[in-house]
Amino acid sequence: MNLLLGQILNGIATGMLYALMGLGLSLITGVLNIPNFAHGALFAVGAYLLVSVVGVLGNFWLGLIVAPIGVALLGLVIEWAGVRRLYAAGHDYQLLFTFGLALILNELIIVIWGPVGISHLPPALLRGGVDLGFTFYPKYRLFVMGMAGALVVLTWLFLEKTKYGAIMRAGIENKEMVSLLGIDIQMLFTVAFALGAYLAGIAGALTAPIRGLSPGMGVDMLGIAFVVVALGGLGNLLGAIAAGLLIGVAQAVVAAYWTEASTAVIFAVMAAVLLVRPQGLFGIR
Amino acid sequence: MRTLLLIVISILLLPLVVRPAIASEIWIFAIFGLALNLLLGYTGMLSFGQSTFFGSAAYVAGWLLKHYGINVFAALGVGVGVGALSALLVGYLCVQRSGLYFIMLTFALNQLFYFIAYQWTSVTGGEDGMPGIPRPSVLGLSIQESYWYYAFISLLFLLSLWAMKRIVESPLGKILQAIRENEVRAEAVGYDVPRFKLLAFVIAGAFSGLAGVLYAMLFGIVPLEAIGFVVSGNVVFATLIGGSGSLYGPIIGSFVFIWLSESVSTMWARWPLLLGVAFVIVVLFLRGGVVEAWTRFWTWRSSKQTG
Amino acid sequence: MALLETDGLTKSFGALTAVNGVSLRIEAGKLHSIIGPNGAGKTTLFNLLTGTFPPTSGTIVFDGKDITGTPAARIAHLGLARSYQRTTVFPAFSLLDNVWVAAFATSRPWKGLLFKNAHEYPQVVERARAALSDVGLLSKAEVPAKQISHGELRQLELAIALAAAPRVLLLDEPAAGLSPDETRKMVALVRALKGRYTIVLIEHKIDIIMSVSDRISVMHFGSLIAEGTPEEIQRNPEVRRAYLGGVAA
């Protein structure tokens, strides 16, 4: 029983990270109307950047600030140099472009950081665990839960309570209207891409001390981000959280009893949900 | 007719230029490309999970070949069947959504199959792949020798091309293209669009499955990559560089892609980097594919000659 | 006898009721027009009749059968065909293929779906050519739809509906965006179709409506506010107030 409760907590922590990934992808895909196959690679870059920044500056907190900003800048460059020229192209070419980027980033990670996995310790402050009564739980995971939760809330505040956030939501619903309002839609696209990249980057940075790093981490996370969006719906914040938690907890619980199936179960859960609700958890097209 | 002649000539000349294994791979990949293009070019559905069917067929047929010594026709039949069946399962979940959701779902379900293959090591061999797949004789004729296998593959390719040509020129092909052109109107004039999309998906799955078995018998092994997303991406890339607008585009794409990747992959272990760069370059500068670039070149040339 | 009949047909999108309790009787062989200002719910009514989405409440009866909630793809087979206000054709197809697709759907010689070329179905091709000829586009049969003019696209739009050999033809502003000259041609076309089909026509241009209709229904804010012959509608004070204003006075 305690094992199960511990696993559910683990599931909530990773589920929040999945929600962050889905949220970032949802912004990029929803606002720009492109399939972003580089989203997983941005996540991986975030994790590796954290390790390097911590290595150079010796401070985890600085790394947690700098690494996602670095990924956001990378997002800016990608949007500016490539994606921008493909809005009129079909999804097929947009896909090929972002997929090509994913391959490039993935290989660059191997060239720079090597093909072997790296483990990374949490900062001294967050090592060890706390006694929650029913289980002794790692502090760092609690921190991740809180941090991811805070980021989701911040994103929600931005989208719901700020004028620019409202425009961004409108951009997901109806691009024509946004252009009619005289808003610089190009700027909106750039900001959405950078923001989505930032969320992927910080999810990666937060993940590094939990799971360690390996070049394949990006692709694995890409599939998961797709699941979150497919189940939660584009631009649906609650949907992203619900879908992230659902697959995070399912994965953690299955991992306790049948470790081999713990990744496949994410996709199996998605298939099962779609079988019952073809339009996703909240029935959005 | 001229195109057919050109293809037959290419089949005859290709083994003189490249190793028979690569020549075989080109025609196998061309079958795979034909399958994807039925979805991408004809129906307007971008499947980014086509290796699901390629890989599943390769594993199941490979396993039966290895452990039960089934004959070559049974293996081909199993491959086509498994390809179609897995496509039916995946397609059922995917065709109800369109656009970006469809793309993401095909990828996510591809990952499902990949992780099953990755973890089910007792059957698939996991990361080591499934080795030791035999290549049984065809009606008493051995196809062990690589040129004979090449001939066998070439024949199956021609058969596939003929079948695909029939499909796209038939009313079914017209209906699929109508769905690509205007889904709403296709529905309004009386076609059950999701059902036709599913049908296209299953047919493409069957062809992909055929390609998968031939691939397994070619190398005697099913590597884990056969069911991975990179293969799904490669077939999209090959189809797009060949040009998804025509039946023959994927064949040209297969030539270019296999030849490129074979020559580059032996040079540098980090060749996917170059592949990624190639994707980006094609997208930014060569949209429309080789066929279109070629036509543009010819119109440019003829306009210079007349002008 | 009414060929197409609705009873209390209602469609709500959230708080907005686009079609509100519409009861309509379309007599066989007649041309029945539906008029009303923009946003009156005319196109939504068409979408309900053709199964684009199901009604919130109410029923649709076609030829004595309740067809409420039947999906769009089935409706076409029952013999209801529509044209769209915003042209929606198959752009890369030749004009012949545009109508061929519609003709094939409802003729369904399903046997040989794979074994013959698309154009080896003589009856289907014949019907497709007849539909093109009806709208005067036969000479352009081989031209791709994306290369023809807006006026011709409107004719093609109509031809696609005709190719389904329907019993009821639902025409959504066939003259939308046409020049006066093209409009005259379109009106002549609709008049030529009158009698051959039962026609339900949505149109904005009052002069067209008054000259071609057998009956007219007036929609306002989702509801029917009047129905009658063109003369009756012209005299109806409520209609004049709500819609015609000074136009027909």
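**A walk through chains B and C**

With 307 residues, a compact globule would be expected to have a radius of gyration near 19 Å, and chain B has 19 Å, so the two agree. Keep in mind as you look around that this is a predicted model.

Let's stay with chain B for a moment. Along its principal axes, the C-alpha atoms fill a box of roughly 60 × 45 × 40 Å. What is the chain built from? Its secondary structure comes to 14 helices and 0 strands. If you trace chain B along the sequence, the pattern is therefore α-α-α-α-α-α-α-α-α-α-α-α-α-α, where α is a helix as DSSP assigns helices.

How much of chain B is buried? Of its 307 residues, 54% count as buried. You can also ask which residues touch each other. Take the contacts in chain B between residues at least 6 apart in sequence: 77% of these join residues at least 24 apart.

Now turn to chain C, where there is a sheet to explore. Here 6 strands form an open sheet, and their order is β6-β7-β8-β3-β9-β10. The pairing in this sheet is mixed. At the edges you will find β6 (80-82) and β10 (223-228) of chain C, each of which pairs on one side only. From one strand to the next, the twist averages 20°.

Finally, zoom in on the edge strand β6(C). Its neighbour is β7 of chain C, residues 168-172, and the two strands run parallel, joined by 3 bridges. To see one bridge for yourself, find Ala81(C): its bridge partner in β7(C) is Leu169(C).

Terms used:
Residues numbered from 1 in each chain as written. Chains lettered and ligands numbered in written order. Predicted model: local features only at pLDDT ≥ 70, side-chain atom pairs only at ≥ 80, totals over all residues. Helix = DSSP H or I, 4+ residues; strand = E, 2+ residues; numbered from the N terminus. Rg over C-alpha atoms; globule rule 2.2 N^0.38 Å. Buried ≥ 20, exposed ≤ 12 C-beta atoms within 10 Å, placed from the backbone. Contact = placed C-beta atoms within 7 Å. Pairing = 2+ DSSP bridges. Axes fitted to C-alpha atoms, helices over the stretch in contact; angles between N-to-C directions.
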